[in-house]
Amino acid sequence: MTTDRVLYTARIHTTGGREGAARSSDGQLDVKLSTRGTKAAGTNPEQLFAAGWSACFEAAMGLAAKTRGITLPASLAIDAEVDLLLGGDGYNLGARLNVSLPGLDRATAQEIVDAAEATCPYSKAIRGNVDVAIALV
């Protein structure tokens, strides 16, 4: 059993799977879900994961920069891609982050990206389970 202190618990009620809806207990999230590649209104789990991971990663970069006394550029951006894969062992995910830190020298930017990769909870959760590529662009 973990002795970690719980900082927050997201509570989501989902019905209908990829053709359903997901709603948070606090009402802040209320999304219609749809199967990837369709014209149906809604998002899909891969898009939701990409949004959550990239937002978390940006926050981790902010913490890494703060501990180093570095100000991140206001124009920083992360483009996230999450693939749904089908192989011999069934369905899997592949994921990429393309991180832009304009104005920072490459070595400093890479140091911040590496620190974020080591501390971001999403990155930790998928490490060793998902084929991941994180690139500084």
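Two residues are in contact when heavy atoms of theirs lie within 4.5 Å. By that yardstick, and leaving out residues up to four places away in sequence, Ala-60 touches Ala-116, Thr-119 and Cys-120. The model is a predicted one, and Ala-60 sits in its helix α1. With a relative accessibility of 7%, Ala-60 falls under the 20% cut-off and so counts as buried. Ala-41 is another story: 19 residues separate Ala-60 and Ala-41 along the chain, and their C-alpha atoms are 32 Å apart.

Stepping back to the whole protein, the secondary structure adds up to 3 helices and 6 strands. Going along the sequence, these follow the pattern β-β-β-α-β-β-α-α-β. The C-alpha trace spans about 45 × 35 × 35 Å along its principal axes. Buried residues make up 29% of the 137 residues of the protein. The accessible surface is about 8800 Å², and carbon and sulfur atoms account for 54% of that area. As for contacts with a separation of 6 or more, 48% are between residues 24 or more positions apart.

Helix α2 is a handy element to look at in detail. Its 14 residues, 106-119, should span 20 Å at 1.5 Å a residue, and the end C-alpha atoms are indeed 20 Å apart, so the two values agree. Thr-108, Ala-109, Ile-112, Val-113, Ala-115 and Ala-116 are the buried residues of α2. Looking down the helix axis, these buried residues fall within an arc of 165 degrees, which means that they line one face of α2. Over on the other side of the helix, Arg-106 and Ala-107 are exposed. The cover over the buried residues of α2 includes α1 (45-67), β5 (90-100) and β6 (131-136). Ala-116, one of those buried residues, is also among the residues that Ala-60 of α1 touches. At the start of α2, a side-chain oxygen of Asp-105 comes within 3.2 Å of the backbone nitrogen of Ala-107.

Back at α1, the loop between β3 (30-32) and this helix holds Asn-44. Asn-44 has a relative accessibility of just 8%, so it counts as buried. A polar atom of the Asn-44 side chain lies 2.9 Å from the backbone nitrogen of Gln-47. Setting aside neighbours within four places in sequence, Asn-44 is in contact with Arg-18, Ser-34 and Arg-36.

Then there are the aromatics. A search of the whole structure turns up 2 aromatic pairs. One of them joins Phe-49 and Trp-53, with ring centres 6.2 Å apart and 40 degrees between the planes, which makes the pair tilted. Both residues belong to helix α1, where they are 4 residues apart, or about one turn of the helix. How do the two compare in exposure? Phe-49 is partly exposed, at a relative accessible area of 22%, whereas Trp-53, at 0% relative accessibility, counts as buried. Ring pairs also bring in Tyr-122, linking Phe-49, Trp-53 and Tyr-122 into a cluster.

How values were computed:
Residues numbered from 1 in each chain as written. Predicted model: local features only at pLDDT ≥ 70, side-chain atom pairs only at ≥ 80, totals over all residues. Heavy atoms only, no water. Helix = DSSP H or I, 4+ residues; strand = E, 2+ residues; numbered from the N terminus. Expected span 1.5 Å × (residues − 1). Buried < 20%, exposed > 50% of the residue type's maximum accessible area, 1.4 Å probe, protein only. Arc of directions from axis to C-beta. Polar contact = N/O pair within 3.5 Å; in protein donor to acceptor, adjacent residues only side chain to side chain. Phe/Tyr/Trp six-rings, centres within 6.5 Å; stacked < 30°, edge-to-face > 60°. Areas by Shrake-Rupley, 256 points an atom, 1.4 Å probe, with all protein chains shown as cover.
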